[in-house]
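Visitor: I've got a model open here and would like a quick tour. Could you walk me through it?

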Amino acid sequence: MAHLRHARRRPSALRTWTIRAIAALLCGIALAAVAGTLAYSILAKDLPSIEEIRHRKVAQSTKIYDRSGKVLLYEVSGGERRTVVPLADIPSYLKSATITVEDENFYNEPAFDWKAILRSLLANVERGRIVQGGSTITQQLAKNAFLSPEQTITRKLKELILATNINRQYSKDQILELYLNEIPYGPTAYGVEAASQTFFGKNASALTLGEAAVLAALPKAPTYYSPWGTHRNELLARAKFILKKMRGAGKIGVQEHETAEQEQITFAPQGQSIKAPHFVMLVQDYLTQKYGEDLVQKGGLRVLTTLNWGLQQLAETAVREGADRNEALYGGNNAALVAEDPATGQILALAGSRDYFDVEHDGNFNVATQGLRQPGSALKPFVYLTAFEKGYAPDTVLFDVPTEFAARDPDCPSIPAYEEAAASSTGPSTCFHPHNFDGSFRGPMSIREALARSRNLPAVKMLYLAGLRDVLENTKRFGIATLTDPGAYGLSLVLGGGAVHLSELVGAYAALANDGVRHAQSYILQVYASNGEIIESYQDAPVRVADAQSVRLVNDILTDVEARRGLFGNSTSYTTLADRDVAMKTGTSNDYRDAWAIGYTPTLVAGVWAGSNENTPMHKSGSSIFAAVPIWSAFFQAAHASQNFPAEAFPRPDPVAPSKPILAGDYRANREIHTILYSVDKDDPTGPPPADPAQDPQFENWETGVLSWAARFMPDFGNYNASSTIGIAQLIIETPENGFVAQGSSIPLLARFLGPRAAQEMRIRLNGALLENVQGPFPTGSTLTRSIPLREARQQNLLEVEAADGNEVLAKTQVIFYR
């Protein structure tokens with residue numbers, strides 16, 4: 001009986017537990033509903049009604065000003081233009097392209113796509129803000145029409161609520177019509193009609209398939225993909241991606257796809273309402289990368305830049321007029337200019353091309369910051385600065401004489417045949433014997449003369465002595481970031497073997513102007529939020545990149561007007577100002593594709609590049625002195641005439657007194673005349689002289705060039721080098737010279753032998769055929785004179801002389817002559 005009583009009580013207990021569970025569940029549901037309703041009410045209370053969509057307030061544009069804050073350069077969303085058009089007037093191509101790329105399930109989904117939201121949630125939730133999309137067309141409409149550009153979870157939830165309300169009130173076609181008339185396609189183009197007029201100069205109804213795909217590509221990032229910016233190729237690539245998706249979705253056929261792929265897209269020119277366009281686009285790109293597309297387009301930022309509008313106008317005028325002149329005279333159709341305050345690094349003026357709006361010549365391409373160009377001799381100051389840091393001095397002598405720098409290469413004679421190289425391109429590619437700009441050689445030159453007159457042979461030697469890697473480390477410290485591959489440049493670096501941006505080169509010279517202290521380049525002074533709060537300010541962070549003494553030595557040379565007169569001649573007046581120090585350096589690439597002029601005072605640096613956007617060579621007369629310096633001078637003279645720049649002098653260097661004669665300028669000490677490598681170990685220039693100079697791979701060729709010069713131009717050369725102890729033999733042809741034009745039936749030969757031991761015979765060859773084997777002995781200093789018959793001579797001839805001791809060739813040399 002007890003057992004039966006217990007059995008009867010169990011159903012009653014189970015019913016009680018079930019009732020309680022159901023009650024708890026209902027209570028939880030009720031609480032959740034209340035909480036959800038409360039949360040919804042909180043989130044939705046500030047959301048607009050659906051009817052307000054057509055009457056919303058216009059978003060605030062971002063305004064970019066010059067440094068005074070008085071000159072408006074550009075409104076990123078200024079003068080917002082919109083023309084509402086019905087969906088029926090919007091071509092089906094554009095509707096399909098937009099849906100395909102933005103929301104391919106638009107007609108079959110509710111207001112939002114849960115799968116896309118969950119995918120993006122994984123990337124967003126941990127960071128507390130929206131950093132990855134997942135928005136449908138309806139969500140984008142809600143966001144663009146009524147919500148702020150902030151990227152937070154709360155804003156995303158509001159977007160979902162508003163999108164749901166819109167979806168309840170409107171059909172899909174109505175939503176698509178609102179969307180296509182609402183969203184931004186560019187800084188001032190809102191809606192498809194304004195976008196079509198802005199970018200193609202036609203109504204939206206007249207768009208081709210290819211043009212429709214381009215417009216559909218823009219909303220993802222209108223500033224980045226702007227057809228007038230620097231990412232046009234990326235825009236066209238995205239348009240092709242959209243066409244491919246449309247083909248895959250069956251929205252267009254094969255023939256339509258192929259026709260659109262091959263269509264030549266032509267953009268309308270940008271309106272002229274923008275000032276300093278290359279500069280403004282740099283600022284806009286910076287703002288977009290830092291603050292995002294939405295905030296820049298709709299957040300109402302106020303940006304104070306570093307630009308001096310007065311200087312900018314002068315820069316644009318100088319570049320335009322100079323490029324016009326260059327095109328007429330030298331075939332160069334473009335130029336660029338950058339001006340910087342060396343004391344702050346602030347960019348004061350920037351003209352990136354002759355005409356930003358010149359579509360035919362890619363005028364919107366910013367040569368100043370995007371173009372990689374060979375700097376020619378413009379890198380020489382940094383080579384000599386590195387040498388000064390190691391103990392060389394402005395009086396140090398380097399020989400400007402014919403020199404082959406391909407060391408110990410049997411295919412490259414130690415006395416190079418420049419005329420042969422100029423007449424033919426068939427010589428060994430390993431040979432390297434650069435010429436000077438004027439085609440001449442000046443013999444012994446001080447560093448002061450060599451740098452001021454931009455002589456090439458001394459500069460290459462200086463690069464070897466200073467060390468390529470050390471020079472590149474210096475250029476990097478000075479802010480040139482593009483010279484990263486020493487193996488690709490070799491000794492040609494000092495003649496323009498690398499490639500640089502004009503803006504970086506100007507920044508490097510600004511550090512010279514500022515006594516070796518570098519300030520990072522800046523375009524921004526302040527950025528204000530729409531409520532007036534300062535959210536960014538210019539922050540200076542000066543860094544010393546070189547010791548002041550070495551910099552002052554460079555500046556002392558580059559400001560030496562008399563020293564540079566030998567280069568500029570009658571054009572010297574273009575490089576000076578009446579009341580202040582002006583340092584000047586030029587550069588011309590070997591093939592005349594690039595001409596440079598960089599000049600500076602302690603308060604202003606300006607650099608000019610001249611050439612062609614097509615990277616085609618200018619005429620030979622289009623060197624830096626004639627193509628770039630006049631542009632620089634026009635700007636610099638006008639800048640100082642119109643602006644109140646103080647007349648400051650550069651700090652002067654301390655006196656330099658090297659202990660070694662050749663470092664101090666005496667290249668004939670003790671009746672010895674040699675290349676600098678005879679007295680200087682390049683790894684320790686101020687230390688002891690090398691025990692055996694011939695161990696340096698460059699010594700033999702450098703020494704041959706020096707002795708050949710001395711034999712020709714020093715009448716008493718036979719009295720020199722009597723006590724030399726050099727472990728190599730050298731043979732010098734004093735007569736005839738390279739390039740000699742022979743007349744008559746014979747030419748005189750005068751050769752001189754120098755060596756640690758006597759040669760036993762001399763062999764003379766003409767065009768490879770042995771003419772004579774002259775028996776010796778020939779001790780060091782001996783000369784060989786002969787008359788060379790020209791019976792077998794050709795139009796171009798190779799004359800060779802060889803000094804030997806039995807089967808051992810001690811030295812040989814050669815010249816090219818003509819008849």
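Guide: Sure, and keep in mind that this is a predicted model. Let's start with one residue: leaving aside its neighbours within four places in sequence, Ala239 touches Ala213, Val214 and Ala217.

Visitor: Which helix holds Ala239?

Guide: Look along residues 232-248, which form one helix. Ala239 has its place in that run, and the helix is H9.

Visitor: Is Ala239 buried or exposed?

Guide: Its relative accessibility is 4%. Buried means under 20%, so Ala239 counts as buried.

Visitor: How far apart in space are Ala239 and Ala216, C-alpha to C-alpha?

Guide: In sequence, 23 residues separate Ala239 and Ala216. In space, their C-alpha to C-alpha distance is 7.4 Å.

Visitor: On to helix packing. At roughly what angle do the axes of H15 and H19 cross?

Guide: H15 covers residues 380-389 and H19 covers residues 468-477. Their axes come within 9 Å, and the crossing angle is roughly 110 degrees.

Visitor: Are H15 and H19 roughly parallel or roughly perpendicular to each other?

Guide: Angles of 65 to 115 degrees count as roughly perpendicular. The H15 and H19 axes cross at roughly 110 degrees, and the two helices are therefore roughly perpendicular.

Visitor: Is the crossing of H15 and H19 left-handed or right-handed?

Guide: View it as H15 passing H19. The crossing is right-handed.

Visitor: How many residues in the contact of H15 with H19 are nonpolar?

Guide: From H15 come Phe382, Val383, Leu385, Thr386 and Glu389, and they meet Asp470, Val471, Asn474 and Thr475 of H19. In that contact, 2 residues are charged and 3 are polar, while the number of nonpolar ones is 4.

Visitor: Now the open sheet with 5 strands: what is its strand order?

Guide: The pairing in this sheet is mixed. Its order is E16-E22-E21-E18-E19.

Visitor: Why is one side of E16 and of E19 left without a neighbour in the sheet?

Guide: E16 (740-741) and E19 (769-778) stand at the edges. One side of each is left without a neighbour in the sheet because each has a single partner strand.

Visitor: Which residue in E22 does Glu802 stand opposite?

Guide: E21 (residues 796-805) pairs with E22 (residues 808-818) in the antiparallel sense, over 10 bridges. Glu802 has as its opposite number in E22 Lys812.

Visitor: Stepping back, what share of the protein's residues is buried?

Guide: The protein has 26 helices and 22 strands. Among its 819 residues, the buried share is 55%.

How values were computed. Residues numbered from 1 in each chain as written. Predicted model: local features only at pLDDT ≥ 70, side-chain atom pairs only at ≥ 80, totals over all residues. Heavy atoms only, no water. Pairing = 2+ DSSP bridges. Helix = DSSP H or I, 4+ residues; strand = E, 2+ residues; numbered from the N terminus. Axes fitted to C-alpha atoms, helices over the stretch in contact; angles between N-to-C directions. Parallel < 35°, antiparallel > 145°, perpendicular 65-115°, else oblique. Left-handed = near helix turned anticlockwise from the far one by under 90°. Contact = heavy atoms within 4.5 Å. Nonpolar A, V, L, I, M, F, W, Y, C, P; charged D, E, K, R; others polar. Buried < 20%, exposed > 50% of the residue type's maximum accessible area, 1.4 Å probe, protein only.
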